[in-house]
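I opened a fresh page for a structure I had not looked at before. These are my notes, in the order in which I looked things up.

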Amino acid sequence: MIGITTGVRGGGEACRIWLSTAAVDGRKGFDTLCGIVRQSLGHDPLCGDLFVFRNRSAARIKILFWDGNGLVLYAKRLEKGTFRWPAAGESSITLSSAQLMELLAGR
């Protein structure tokens, strides 16, 4: 089974989970999402943090992260309903591991 783990970044620091508050075209791949992380969110996509994106309908999400060896892109589509996305005035907000698991569960 493949799962998302929120492990430790270099230097023993726990990784953070960044949720992009703006919808992103669901066709975006590794390179474009890395560009969004750098340009819009102001972070380094290779830092070991998780970056969570949703499409316009909020029925699909993508999570981009660097696992120390390469980029990983996790995608999930809900068959019914939408992901609950928090509203925020910032381009991104942080989530806890528990909040990410709730989001992925579609609750």
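The entries below go from the whole chain to single residues.

**Entry 1: the chain as a whole**

I noted to begin with that this is a predicted model. I counted two helices and five strands in the chain. Read from the N terminus, I get the order β-α-β-β-β-β-α. The chain has 107 residues, and 36% of them are buried. I also looked up the exposed surface, which comes to about 6400 Å², with 49% of it supplied by carbon and sulfur atoms. Taking contacts between residues at least 6 apart in sequence, I found that 56% join residues at least 24 apart.

**Entry 2: strand E2**

How many residues of strand E2 are buried? I found five of five in residues 50-54, so the strand is largely enclosed by the rest of the structure. I then checked the two faces of E2, and both are covered. Leu50, Val52 and Arg54 are buried on one side, and Phe51 and Phe53 are buried on the other.

I looked for the pairing of E2 with strand E1, residues 17-20, and found three bridges, with the two strands running parallel. Within this pairing, Trp18 has Phe51 as its bridge partner in E2.

**Entry 3: Ala58**

After E2 I moved on to the loop between E2 and E3, where Ala58 is found. Ala58 is not a glycine, yet I read a positive phi of about 65 degrees for it. I put Ala58 down as buried, because its relative accessible area is 9%, under the 20% cut-off.

**Entry 4: Lys62**

Next I looked at Lys62, which belongs to strand E3, residues 60-66. Which side chain of opposite charge is nearest to Lys62? It is Asp25, at 7.6 Å. Lys62 is buried and has no salt bridge. A salt bridge needs the nitrogen and the oxygen within 4 Å.

I then looked for what the Lys62 side chain does reach. One of its polar atoms lies 2.9 Å from the backbone oxygen of Gly26. The side chain also reaches the backbone oxygen of Lys28, at 2.7 Å. Leaving aside neighbours within four places in sequence, I listed the contacts of Lys62, among them Gly26, Arg27, Lys28, Leu33, Phe51 and Phe53. Leu73, Tyr74 and Ala75 are also in contact with Lys62.

**Entry 5: salt bridges**

Side chains of opposite charge can pair when their charged atoms come close. I searched the whole structure for such pairs and found three salt bridges.

One is between Asp49 and Arg16, at 3.4 Å from N to O. It links distant parts of the chain, 33 residues apart: Asp49 is in the loop between helix H1 (30-39) and E2, and Arg16 is in the segment before E1. Is Asp49 buried or exposed? I noted it as buried, at 1% relative accessible area, whereas Arg16 is partly exposed at 35%.

Another joins Asp25 and Arg27, at 2.7 Å from N to O. Here Asp25 is partly exposed at 31% relative accessibility, and Arg27 is exposed at 73%.

I also noted Arg77 with Glu79, whose closest N and O atoms are 2.9 Å apart. Arg77 is partly exposed, with a relative accessible area of 48%, and Glu79 counts as exposed at 64%.

Definitions and conventions
Residues are numbered from 1 along each chain as its sequence is written. This is a predicted model: local features need pLDDT of at least 70, side-chain atom pairs count only at pLDDT 80 or more; totals for chains, interfaces and linings use all residues. Side-chain values use heavy atoms; hydrogens and water are left out. Helices (H or I, at least four residues) and strands (E, at least two) are DSSP runs, numbered from the N terminus. Buried means under 20% relative accessible area, exposed over 50%, partly exposed in between (1.4 Å probe, protein chains only). Lys and Arg count as positive and Asp and Glu as negative; His and the chain ends are not counted. A polar contact is a pair of N or O atoms within 3.5 Å; within protein, one must be able to donate a hydrogen and the other to accept it, and residues adjacent in sequence count only if both atoms are side-chain atoms. Contact means heavy atoms within 4.5 Å. Accessible areas come from the Shrake-Rupley method with a 1.4 Å probe; for residues, only the protein chains shown count as cover. Two strands pair if DSSP finds at least two bridges between them.
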